[in-house]
Structure formats: structure tokens, C-alpha cells
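Let's take a walk through the charged side chains of this protein and see who pairs up with whom. Have the viewer open as you read.

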Amino acid sequence: MLGFSPPSLEKLVREFSLLPGIGKKTARRLAFHLISGDREKMGDFANAILEAKEKLVHCKICYGITETEICPLCASRNRDRTILCVVEKAADILPFESSGAFKGLYFVLGGVLSPLDGIRPENLHIPQLIERVHSDEVQELILALGSSPEAESTALYIDRKLADTSARRTKLARGIPVGSDLEFIDEITMLRAFEERVRV
Ligand SMILES: [Zn+2]
């Protein structure tokens with residue numbers, strides 16, 4: 001906290017600095033940018049945050065983010081229901097959709113296994129995924145969980161849990177840089193990793 005800086009400004013800076021990937025300097029720049037606009041613009045910004053929080057829920061089927069109980073993807077009749085792409089978080093759906101390569105459905109795990117941090121299968125949507133594969137018409141499961149050690153062991157765990165099913169388990173081809181976030185993968189890389197997917 002800077003002694004000469006107004007408390008309300010410092011409060012705004014602190015809120016920004018709590019966001020992922022935002023350091024103290026960026027937080028300050030964003031706060032100054034925001035307060036230099038007129039009141040109406042700031043109101044729009046604040047309202048957008050509140051409205052998003054109020055309207056957005058998790059889809060009951062895939063756990064993606066939506067404004068309806070069942071998201072448009074799960075509700076669509078034009079998607080291939082036999083192929084399920086498993087991602088870590090809802091934001092990871094975006095690169096698949098913008099690459100246009102995938103016509104199946106998604107399933108959001110809500111994280112990856114990390115026993116040291118206390119994240120076990122029951123803390124994620126893994127039980128729901130296993131149940132869905134057992135009870136649904138899923139023929140292929142693409143485990144698109146990234147390449148961190150935690151993501152790799154999560155994919156292996158799911159693979160073993162489904163060893164008794166006929167559903168094929170595949171993962172994206174190498175080519176996605178190690179440790180990189182799926183969310184920021186470009187479309188070409190995604191398209192290639194998708195087309196050249198391999199068995200887990
Ligand atoms: Zn859904």
C-alpha cells in the first residue's frame with residue numbers, strides 16, 4: 001500500500017492483482033485506465049461482472065459454462081454423441097470450437113488430479129465422467145488434458161478406470177508445447193494435434 005495513494009484506488013488495484021496472471025504493475029495500469037474513463041463506462045464494466053456472475057451456471061451435462069441448464073452444445077442435435085472430448089476447464093473448449101475440427105461433445109473435469117494439493121478424483125467430475133461413459137453411447141474419449149505431469153496422470157487414471165468399457169481412449173498428438181495451456185493454443189496446432197491423436 002502506498003501512503004500517498006487514495007484508499008479506494010488501492011482497493012481497486014488490489015482486486016485486479018488478485019486475478020490470475022496480473023502482477024502489481026499491470027493491476028495499477030488497469031486501475032488507472034479504468035478510472036480515467038467516464039462514470040458510465042465504469043458502470044458498464046461493473047455491471048458486466050455482476051451480470052456474468054448472476055447468469056452463468058455450469059451445464060448439468062458437460063459442466064461447461066452456460067446461461068441455460070443444458071448448454072447449446074449438449075442440446076444440439078448436430079453434434080456427434082459418440083465422441084467425447086474431456087478438458088480440464090471450460091475455457092479449453094474454445095480452441096476446439098474455433099478450430100472447427102471437432103463435432104462431438106465435451107466434458108469439463110474441473111481440474112486435474114493433484115494428490116499433494118488434496119485434489120482427488122471425487123473433487124473433480126471424474127465419477128460423473130465414468131458414469132456417463134458407462135451409461136451413454138460414447139465410443140471414443142479424447143483426453144485433452146494438456147501435458148503437465150498432473151494432466152498425464154489424470155489421463156492415465158481415467159484410462160484405467162475405463163479399461164472395462166469398449167470406449168476408445170485417445171489423447172492429442174504431441175506438438176502442443178509441454179506445460180502450455182490448451183486455452184492459448186493456436187488453431188493450426190490444435191487441428192494437427194487433434195487429427196493425429198493417439199491411443200492413451
Ligand atoms: Zn453442456
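Start at Arg197, which is partly exposed, with a relative accessible area of 25%. Bear in mind as you click around that this is a predicted model. Arg197 pairs up with Glu140 in a salt bridge whose closest N and O atoms sit 2.7 Å apart. The two come from distant parts of the chain, 57 residues apart: Glu140 belongs to strand S5 (residues 140-144), while Arg197 is in the loop between helix H8 (187-195) and strand S7 (198-199). Glu140 has a relative accessible area of just 7%, so it falls under the 20% cut-off and counts as buried. There's a third player here too: Arg168 joins Glu140 and Arg197 in one network, through salt bridges that share partners.

Now hop over to Arg79, whose side chain meets that of Glu97 in a salt bridge, at 2.8 Å from N to O. Arg79 sits in the loop between helix H4 (72-75) and strand S3 (83-87), and Glu97 in helix H5 (residues 93-99), so this pair ties together parts 18 residues apart in sequence. Arg79 is buried at 12% relative accessible area, whereas Glu97 is partly exposed at 29%.

For a local contact, look at helix H3 (residues 39-55), where Lys55 and Glu51 lie four residues apart, about one turn of the helix. Their side chains form a salt bridge at 2.9 Å, N to O. Both ends are partly exposed here: Lys55 has a relative accessible area of 40%, and Glu51 has 42%.

If you'd like to keep exploring, a search of the whole structure turns up 10 salt bridges.

How values were computed: Residues numbered from 1 in each chain as written. Predicted model: local features only at pLDDT ≥ 70, side-chain atom pairs only at ≥ 80, totals over all residues. Heavy atoms only, no water. Salt bridge = Lys/Arg side-chain N within 4 Å of Asp/Glu carboxyl O. Buried < 20%, exposed > 50% of the residue type's maximum accessible area, 1.4 Å probe, protein only.
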